[in-house]
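Trainee: Could we go through this model together? I would like to start with the covalent links and then move on to the sheets and the cores.

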Amino acid sequence: MKNLFFLPLLLIIVTACSSDDSFDNNPFLPEPSFSFNINLNLPKYASLANPGTAVYVDEPNVGIKGVFVYHYGTGTYLAWEASCPNQVPSDCSRMELSTPLVICNCDDYKYELLTGSITDYEGEEKVYPLQAYRVSVNGKNIRIYN
């Protein structure tokens, strides 16, 4: 009798833990593990002190093809992978910064630095947004990591 009670309970637990199809991992880009600190006092990153600005961080082992860091405003920063999200990393897949957008050289898709979403896309195939990284701010230091 106890088994009859536990069988439906087990079924409910298993079905409740099924995958969520609304969240799809990008099949083109791996998720690298890294941590990098940006000091806003350094001339290379000083422009990030102003809202609406972005910089390209091209340091070894930071992201796949580097990272774009965008100052949204009020001390809020966003960090995005610099490799095209809808391309396998290649010679043409590093995007170009054109604040407030980034442009993929492989397919000419444009993405917003504020949301990471593609702009003006009218195709029918599935496209992925920019790959986001975590950001923490401590005074004049910004840590980007994954």
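Trainee: How many disulfides does the structure hold?

Mentor: The structure, which is a predicted model, holds two disulfides. One joins cysteine 84 to cysteine 104, with an S to S distance of 2.0 Å, and the other joins cysteine 92 to cysteine 106, also with S to S 2.0 Å. If the bonded cysteines are numbered in sequence order, the pairing reads 1-3, 2-4.

Trainee: Where do cysteine 84 and cysteine 104 lie?

Mentor: Cysteine 84 is in the loop between strand 4 (76-81) and strand 5 (96-98), while cysteine 104 is in the loop between strand 6 (101-103) and strand 7 (110-112), so this disulfide ties together parts that are 20 residues apart in sequence. The torsion about their S-S bond is about 105 degrees, so the disulfide is right-handed.

Trainee: And are those two cysteines buried or exposed?

Mentor: Cysteine 84 and cysteine 104 are both buried.

Trainee: What about the link of cysteine 92 and cysteine 106, what is its handedness?

Mentor: That link is right-handed, with 110 degrees about the S-S bond. Cysteine 92 sits in the loop between strand 4 and strand 5 and cysteine 106 in the loop between strand 6 and strand 7, so that distant parts of the chain, 14 residues apart, are linked. As for accessibility, cysteine 92 counts as partly exposed because its relative accessibility is 34%, and cysteine 106 counts as partly exposed because its value is 26%.

Trainee: Serine 93 comes right after one of those in the numbering; why does it count as buried?

Mentor: Serine 93 has a relative accessible area of 0%, which is why it counts as buried. It belongs to the loop between strand 4 and strand 5, and its side chain reaches the backbone nitrogen of serine 90 at 2.8 Å. With neighbours within four places in sequence left aside, the contacts of serine 93 include Lys65, Gln87 and Val88, together with the cysteines Cys84 and Cys106.

Trainee: Changing topic, which strands form the open sheet?

Mentor: Four strands form an open sheet in the order 5-6-7-8, and the pairing is antiparallel. Strand 5 and strand 8 are its edge strands, each pairing on one side only. Between strand 7 and strand 8, which run antiparallel, there are two bridges, and tyrosine 111 has isoleucine 118 in strand 8 as its bridge partner.

Trainee: Which residues does leucine 113 touch, in the loop after strand 7?

Mentor: Leucine 113 is found in the loop between strand 7 and strand 8 (118-119), and it is buried because its relative accessible area is 0%. Once neighbours within four places in sequence are set aside, its contacts include Ala54, Phe68, Leu78, Trp80, Leu97 and Pro100. Tyrosine 70 is also in contact with leucine 113; these two are 43 residues apart in sequence, yet 6.6 Å apart in space, C-alpha to C-alpha.

Trainee: And strand 1, which residues are on its covered face?

Mentor: In strand 1 (residues 35-39) the covered face consists of Phe36 and Ile38, whereas Ser35, Asn37 and Asn39 make up the uncovered one. Strand 1 is joined by five bridges to strand 10 (residues 141-145), and the two run antiparallel; within strand 10, arginine 143 stands opposite asparagine 37.

Trainee: Which residues have the most contacts inside the largest nonpolar core?

Mentor: That core has 16 residues, and those with the most contacts inside it are Ile38, Val57, Val67, Val69 and Ile144. Strand 1, strand 2 (54-57), strand 3 (67-73), strand 4 and strand 10 are the elements that give it two or more residues. Looking at valine 69, the residues it touches beyond four places in sequence include Ile38, Leu48, Val55, Val57, Leu78 and Ile144. Another core, of 14 residues, lies apart from the largest one, and among its members are Cys84, Cys104, Tyr109 and Ile118.

Trainee: Last one: what is the mean pLDDT?

Mentor: The mean pLDDT of the protein is 87, and 84% of its residues reach 70 or more. Over residues 4-23, however, the pLDDT is below 50, and this stretch has zero contacts in the model beyond near neighbours in sequence. Where pLDDT is low, the predicted coordinates should not be read in detail.

Note on methods:
Residues are numbered from 1 along each chain as its sequence is written. This is a predicted model: local features need pLDDT of at least 70, side-chain atom pairs count only at pLDDT 80 or more; totals for chains, interfaces and linings use all residues. Side-chain values use heavy atoms; hydrogens and water are left out. pLDDT is the predictor's confidence in each residue, from 0 to 100. Contact means heavy atoms within 4.5 Å. A disulfide is a pair of cysteine sulfur atoms within 2.5 Å. Buried means under 20% relative accessible area, exposed over 50%, partly exposed in between (1.4 Å probe, protein chains only). Two strands pair if DSSP finds at least two bridges between them. A nonpolar core is a set of buried Ala, Val, Leu, Ile, Met, Phe, Trp, Tyr and Cys residues joined through side-chain atoms within 4.5 Å. A polar contact is a pair of N or O atoms within 3.5 Å; within protein, one must be able to donate a hydrogen and the other to accept it, and residues adjacent in sequence count only if both atoms are side-chain atoms.
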